[in-house]
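Me: Please take a close look at one part of this model for me. I want the local detail first, then how that part ties into the rest of the chain.

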Amino acid sequence: MSSRTRTRTRSRARAGALKAAGRDVPVIVLPRQRGRRRTGEPVVVVVAEPPSLTRQAVGLLWRFRRPLAPAGVAVLALAGTGVLHVAAPWAVLPLTIAAAAPTVWLAVVQRLHPVSGRALALRAGRGAAVTAALAWAALAVGFGPLAGPLGLVWLLLLLAAQTTWLIVDRSR
């Protein structure tokens, strides 16, 4: 085996060791210099590859995962109602009943712990938001998540939830 072949084999083995260690990096191998002077081992230069656009987008979403939580929940709700619309259209019945639950909750809580002014407005707003979301979910399971104006309603609910979340989360 000539020294030139042996050098390549060793270099490939080192590159394979880097890849086996979980580092998928491009490796540039400079072979030994020809001539009278022997420099010994070849020089291996490891070049860091810039992350792909997909990797950058996923990293950005992961970095801002807390502020974007309502958007993630909304996208999961859109996909989930689409799956339920196709797989189990009867699920509209429990969702319709659940859409009335926030109104009942508001009546019970107001009777047990009566409040007025801003606290009542916050309770009513919370109940209205949850009622709207559950009503949208029931309609989306019944007719399809993007049927008619349901796509626009989904977008408006997403914007309202995201805006409210950012305002409330900033105050923490």
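Reply: Gly 142 is partly exposed, at a relative accessible area of 36%. That value falls between the 20% and 50% cut-offs, so neither "buried" nor "exposed" applies. This is a predicted model, so every value here is computed from predicted coordinates.

Gly 142 belongs to helix 6. Setting aside neighbours within four places in sequence, Gly 142 contacts His 85 and Val 92. A C-alpha distance adds to that picture. Gly 142 and Leu 93 are 49 residues apart along the chain, yet their C-alpha atoms are separated by 9.0 Å.

Now the helix itself. Helix 6 covers residues 118–143, which makes 26 residues. From first C-alpha to last, helix 6 reaches 37 Å. The expected value at 1.5 Å a residue is 38 Å, and the model comes close to that.

Which residues of helix 6 are buried? They are Arg 123, Gly 127, Trp 136, Ala 137, Ala 138, Ala 140 and Val 141. An α-helix has 3.6 residues a turn, so residues three or four places apart point the same way. The buried residues of helix 6 pack against four other helices. These are helix 3, helix 4 (92–99), helix 5 (101–112) and helix 7.

Next, the end of the helix. Gly 144 follows helix 6, and its phi is positive, near 110°. Gly 144 sits in the loop between helix 6 and helix 7. Is Gly 144 buried or exposed? Gly 144 is buried, because its relative accessibility is 5%, and the cut-off for buried is under 20%.

The surroundings of Gly 144 can be listed in the same way. Beyond four places in sequence, Gly 144 contacts His 85, Leu 139 and Leu 150. His 85 is also among the contacts of Gly 142. The C-alpha atoms of Gly 144 and Val 83 are separated by 9.2 Å, with their positions 61 residues apart along the chain.

On to helix 7, across that loop. Helix 7 spans residues 150–170 and contains Gln 162. Gln 162 counts as buried because its relative accessibility is 13%. The Gln 162 side chain reaches the backbone nitrogen of Ala 71 at 3.3 Å. Outside its sequence neighbours within four places, Gln 162 touches Pro 67, Leu 68, Pro 70 and Ala 71.

One of those partners, Leu 68, leads to the surface. Leu 68 lies in the loop between helix 2 (53–63) and helix 3 (69–87). At 36% relative accessibility, Leu 68 counts as partly exposed. Leu 68 also joins Leu 60, Leu 61 and Phe 64 in a nonpolar surface patch. Together, the four have about 360 Å² of accessible area.

The same loop takes part in a salt bridge. How many salt bridges does a search of the whole structure find? It finds one. The side chains of Asp 169 and Arg 66 form a salt bridge, at 3.2 Å from N to O. This pair links distant parts of the chain. Asp 169 is in helix 7, Arg 66 is in the loop between helix 2 and helix 3, and 103 residues separate them. Asp 169 is buried, at 17% relative accessible area. Arg 66 is partly exposed, at 45%.

Finally, the whole chain. The protein chain has seven helices and two strands. From the N terminus, the order is α-β-β-α-α-α-α-α-α. Of its 172 residues, 17% count as buried. Among contacts with a separation of 6 or more, 59% come from residues 24 or more positions apart. The chain exposes about 12,900 Å², and carbon and sulfur atoms supply 68% of that area.

Methods
Residues are numbered from 1 along each chain as its sequence is written. This is a predicted model: local features need pLDDT of at least 70, side-chain atom pairs count only at pLDDT 80 or more; totals for chains, interfaces and linings use all residues. Side-chain values use heavy atoms; hydrogens and water are left out. Buried means under 20% relative accessible area, exposed over 50%, partly exposed in between (1.4 Å probe, protein chains only). A polar contact is a pair of N or O atoms within 3.5 Å; within protein, one must be able to donate a hydrogen and the other to accept it, and residues adjacent in sequence count only if both atoms are side-chain atoms. Contact means heavy atoms within 4.5 Å. Patches are made of residues with over 30% relative accessible area and no salt bridge: like charges are joined within 9 Å, nonpolar side chains (Val, Leu, Ile, Met, Phe, Trp, Tyr) within 5 Å. Accessible areas come from the Shrake-Rupley method with a 1.4 Å probe; for residues, only the protein chains shown count as cover. The expected span of a helix is 1.5 Å times one less than its number of residues.
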